[in-house]
Amino acid sequence: MTQVKVLFVCLGNICRSPLAEGIFRFKVRERGLSGQFKIDSCGTSDFHIGETPDSRSMANAKKNGVDYMHRGRQLKKSDFYDFDYILPMDELNMKDVERLMPEDATAEVMKMRDFDSAEVGSDVPDPYYGGENGFQLVFDILERSTESLLDELLEKHKLN
Ligand code: 4NP
(Lines give C-alpha, C1' and ligand atoms only; values in the text may rest on other atoms or scores of the structure.)
Protein backbone atom coordinates (compact mmCIF):
# COMPACT_ATOMS: atom_id res chain seq x y z
CA MET A 1 0.00 0.00 0.00
CA THR A 2 1.36 3.43 -0.84
CA GLN A 3 1.71 5.78 2.09
CA VAL A 4 1.62 9.55 2.21
CA LYS A 5 4.56 10.62 4.36
CA VAL A 6 4.30 13.83 6.35
CA LEU A 7 6.97 15.45 8.54
CA PHE A 8 6.24 18.44 10.81
CA VAL A 9 9.20 20.68 11.70
CA CYS A 10 9.86 23.31 14.37
CA LEU A 11 12.92 24.54 16.25
CA GLY A 12 13.01 22.42 19.40
CA ASN A 13 10.68 19.52 18.47
CA ILE A 14 9.09 19.66 21.93
CA CYS A 15 6.21 22.16 21.47
CA ARG A 16 4.76 22.89 18.04
CA SER A 17 5.79 20.07 15.71
CA PRO A 18 5.06 17.12 18.07
CA LEU A 19 1.66 18.70 18.72
CA ALA A 20 1.02 19.08 14.98
CA GLU A 21 2.06 15.43 14.58
CA GLY A 22 -0.27 14.39 17.45
CA ILE A 23 -3.31 16.28 16.17
CA PHE A 24 -2.75 15.15 12.57
CA ARG A 25 -2.32 11.52 13.69
CA PHE A 26 -5.55 11.80 15.72
CA LYS A 27 -7.45 13.09 12.68
CA VAL A 28 -6.03 10.40 10.40
CA ARG A 29 -7.00 7.70 12.92
CA GLU A 30 -10.48 9.19 13.30
CA ARG A 31 -11.01 8.80 9.56
CA GLY A 32 -9.71 5.22 9.64
CA LEU A 33 -6.70 6.05 7.47
CA SER A 34 -3.77 5.26 9.78
CA GLY A 35 -2.31 2.69 7.38
CA GLN A 36 -2.18 5.20 4.55
CA PHE A 37 0.04 7.68 6.37
CA LYS A 38 3.51 7.85 7.86
CA ILE A 39 3.62 10.79 10.29
CA ASP A 40 6.59 12.19 12.22
CA SER A 41 8.08 15.42 13.53
CA CYS A 42 11.56 16.82 14.15
CA GLY A 43 13.44 19.97 15.08
CA THR A 44 15.93 22.03 13.13
CA SER A 45 18.02 22.33 16.33
CA ASP A 46 19.67 19.68 18.48
CA PHE A 47 18.44 21.32 21.71
CA HIS A 48 16.02 18.61 22.85
CA ILE A 49 17.09 15.35 21.22
CA GLY A 50 15.54 12.35 23.01
CA GLU A 51 13.23 14.49 25.13
CA THR A 52 9.49 14.02 25.53
CA PRO A 53 7.22 16.90 24.42
CA ASP A 54 6.72 19.97 26.62
CA SER A 55 4.43 18.92 29.49
CA ARG A 56 2.37 22.14 29.16
CA SER A 57 1.71 21.35 25.48
CA MET A 58 0.68 17.79 26.29
CA ALA A 59 -1.58 18.84 29.18
CA ASN A 60 -3.30 21.44 27.00
CA ALA A 61 -3.78 18.96 24.15
CA LYS A 62 -5.24 16.41 26.57
CA LYS A 63 -7.80 19.01 27.69
CA ASN A 64 -8.72 19.27 24.02
CA GLY A 65 -9.04 15.50 23.64
CA VAL A 66 -5.68 14.74 21.98
CA ASP A 67 -3.15 12.40 23.63
CA TYR A 68 0.26 12.05 22.03
CA MET A 69 3.86 11.11 22.69
CA HIS A 70 7.12 11.72 20.83
CA ARG A 71 10.89 11.75 21.34
CA GLY A 72 12.76 14.79 20.09
CA ARG A 73 15.00 14.35 17.07
CA GLN A 74 16.82 16.63 14.67
CA LEU A 75 16.04 17.06 10.96
CA LYS A 76 18.39 14.93 8.86
CA LYS A 77 19.30 14.71 5.20
CA SER A 78 17.43 11.45 4.60
CA ASP A 79 14.17 13.16 5.69
CA PHE A 80 14.22 15.03 2.38
CA TYR A 81 13.86 11.69 0.56
CA ASP A 82 11.92 9.67 3.13
CA PHE A 83 9.00 12.12 3.38
CA ASP A 84 6.65 13.49 0.70
CA TYR A 85 5.76 16.65 2.59
CA ILE A 86 7.80 18.71 5.06
CA LEU A 87 5.85 21.32 7.03
CA PRO A 88 7.87 23.99 8.84
CA MET A 89 5.98 25.91 11.55
CA ASP A 90 7.44 29.38 10.96
CA GLU A 91 9.61 31.44 8.65
CA LEU A 92 12.82 30.67 10.55
CA ASN A 93 12.13 26.91 10.37
CA MET A 94 11.28 27.36 6.66
CA LYS A 95 14.61 29.09 5.95
CA ASP A 96 16.58 26.46 7.90
CA VAL A 97 14.81 23.64 6.06
CA GLU A 98 15.42 25.26 2.66
CA ARG A 99 19.09 25.83 3.53
CA LEU A 100 19.57 22.14 4.38
CA MET A 101 17.51 20.83 1.46
CA PRO A 102 19.57 18.80 -1.07
CA GLU A 103 19.18 19.75 -4.75
CA ASP A 104 17.61 16.42 -5.62
CA ALA A 105 15.27 16.26 -2.62
CA THR A 106 11.98 14.54 -3.39
CA ALA A 107 10.01 16.11 -0.52
CA GLU A 108 7.81 19.14 -1.05
CA VAL A 109 8.19 21.89 1.58
CA MET A 110 5.01 23.75 2.59
CA LYS A 111 4.58 26.22 5.43
CA MET A 112 2.12 24.93 8.04
CA ARG A 113 -0.05 28.04 8.14
CA ASP A 114 -0.47 28.13 4.40
CA PHE A 115 -3.27 25.73 5.38
CA ASP A 116 -4.80 28.04 8.00
CA SER A 117 -7.72 29.80 6.35
CA ALA A 118 -7.94 32.18 9.32
CA GLU A 119 -4.48 33.65 8.66
CA VAL A 120 -2.87 32.20 5.57
CA GLY A 121 0.92 32.22 5.53
CA SER A 122 1.58 33.43 9.09
CA ASP A 123 3.87 31.73 11.57
CA VAL A 124 2.74 29.21 14.17
CA PRO A 125 3.93 31.22 17.19
CA ASP A 126 6.43 29.60 19.56
CA PRO A 127 4.60 29.03 22.87
CA TYR A 128 7.75 27.97 24.75
CA TYR A 129 8.28 31.17 26.72
CA GLY A 130 4.63 32.17 27.04
CA GLY A 131 1.68 31.26 29.26
CA GLU A 132 -1.24 28.86 28.98
CA ASN A 133 -3.05 31.11 26.48
CA GLY A 134 -0.19 30.56 24.06
CA PHE A 135 -0.64 26.80 24.18
CA GLN A 136 -4.37 27.01 23.45
CA LEU A 137 -3.71 29.47 20.63
CA VAL A 138 -1.18 27.09 19.08
CA PHE A 139 -3.58 24.17 19.53
CA ASP A 140 -6.35 26.07 17.72
CA ILE A 141 -4.04 27.10 14.88
CA LEU A 142 -2.78 23.53 14.43
CA GLU A 143 -6.28 22.09 14.70
CA ARG A 144 -7.42 24.26 11.77
CA SER A 145 -4.24 23.88 9.73
CA THR A 146 -3.92 20.09 10.03
CA GLU A 147 -7.60 19.65 9.13
CA SER A 148 -7.14 21.55 5.84
CA LEU A 149 -3.82 19.83 5.19
CA LEU A 150 -5.48 16.43 5.61
CA ASP A 151 -8.38 17.38 3.32
CA GLU A 152 -5.95 18.55 0.66
CA LEU A 153 -3.77 15.43 0.87
CA LEU A 154 -6.82 13.10 0.75
CA GLU A 155 -8.00 14.90 -2.38
CA LYS A 156 -4.58 14.99 -4.00
CA HIS A 157 -3.80 11.32 -3.30
CA LYS A 158 -7.37 10.18 -3.99
CA LEU A 159 -7.76 8.63 -0.56
CA ASN A 160 -11.40 9.50 -0.01
P1 4NP B 1 9.30 24.40 19.54
O2 4NP B 1 9.56 25.38 20.78
O3 4NP B 1 10.24 24.85 18.45
O4 4NP B 1 7.88 24.63 19.20
O5 4NP B 1 9.60 22.99 20.04
C6 4NP B 1 10.82 25.57 21.35
C7 4NP B 1 11.24 24.75 22.35
C8 4NP B 1 12.49 24.96 22.94
C9 4NP B 1 13.28 26.00 22.49
C10 4NP B 1 12.86 26.81 21.47
C11 4NP B 1 11.62 26.60 20.88
N12 4NP B 1 14.54 26.22 23.10
O13 4NP B 1 15.19 27.22 22.75
O14 4NP B 1 14.96 25.42 23.94
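Which residues are around the ligand? That is the matter I should like to address this morning, and I note at the outset that the model is a predicted one.

Around the ligand we find a run of residues, Cys 10, Leu 11, Gly 12, Asn 13, Ile 14, Cys 15 and Arg 16, together with Phe 47, His 48, Asp 126, Tyr 128 and Tyr 129. Sorted by class, this shell comprises 7 nonpolar, 3 polar and 2 charged residues.

Let me turn to the polar contacts. From the backbone, an N or O atom of Leu 11 lies 3.0 Å from an oxygen atom of the ligand. For Ile 14, a backbone N or O atom is likewise placed 3.0 Å from a ligand oxygen. The side chain of His 48 contributes a polar atom at 2.8 Å from an oxygen atom of the ligand. As for burial, the ligand taken alone exposes 360 Å², and the protein buries 91% of that area.

Where, then, does the ligand sit? Its site is the largest pocket, which holds about 150 Å³ of space. Residues lining that pocket include Cys 10, Arg 16, Phe 47, His 48, Asp 126 and Tyr 129. By class, the pocket lining has 7 nonpolar, 3 polar and 2 charged residues.

To close, I return to His 48, which is one of the residues around the ligand, lines the largest pocket, and places a polar side-chain atom 2.8 Å from a ligand oxygen.

How values were computed:
Residues numbered from 1 in each chain as written. Predicted model: local features only at pLDDT ≥ 70, side-chain atom pairs only at ≥ 80, totals over all residues. Heavy atoms only, no water. Near = heavy atom within 4 Å. Polar contact = N/O pair within 3.5 Å; in protein donor to acceptor, adjacent residues only side chain to side chain. Areas by Shrake-Rupley, 256 points an atom, 1.4 Å probe, with all protein chains shown as cover. 1 Å grid on protein atoms, 1.4 Å probe; cavity = no way out; pocket = protein on both sides within 12 Å on 5 of 7 lines; lining within 4 Å. Sits in = over half its atoms within 2 Å of the grid points. Nonpolar A, V, L, I, M, F, W, Y, C, P; charged D, E, K, R; others polar. Points joined across faces, edges and corners; volume = space filled by probe spheres on them.
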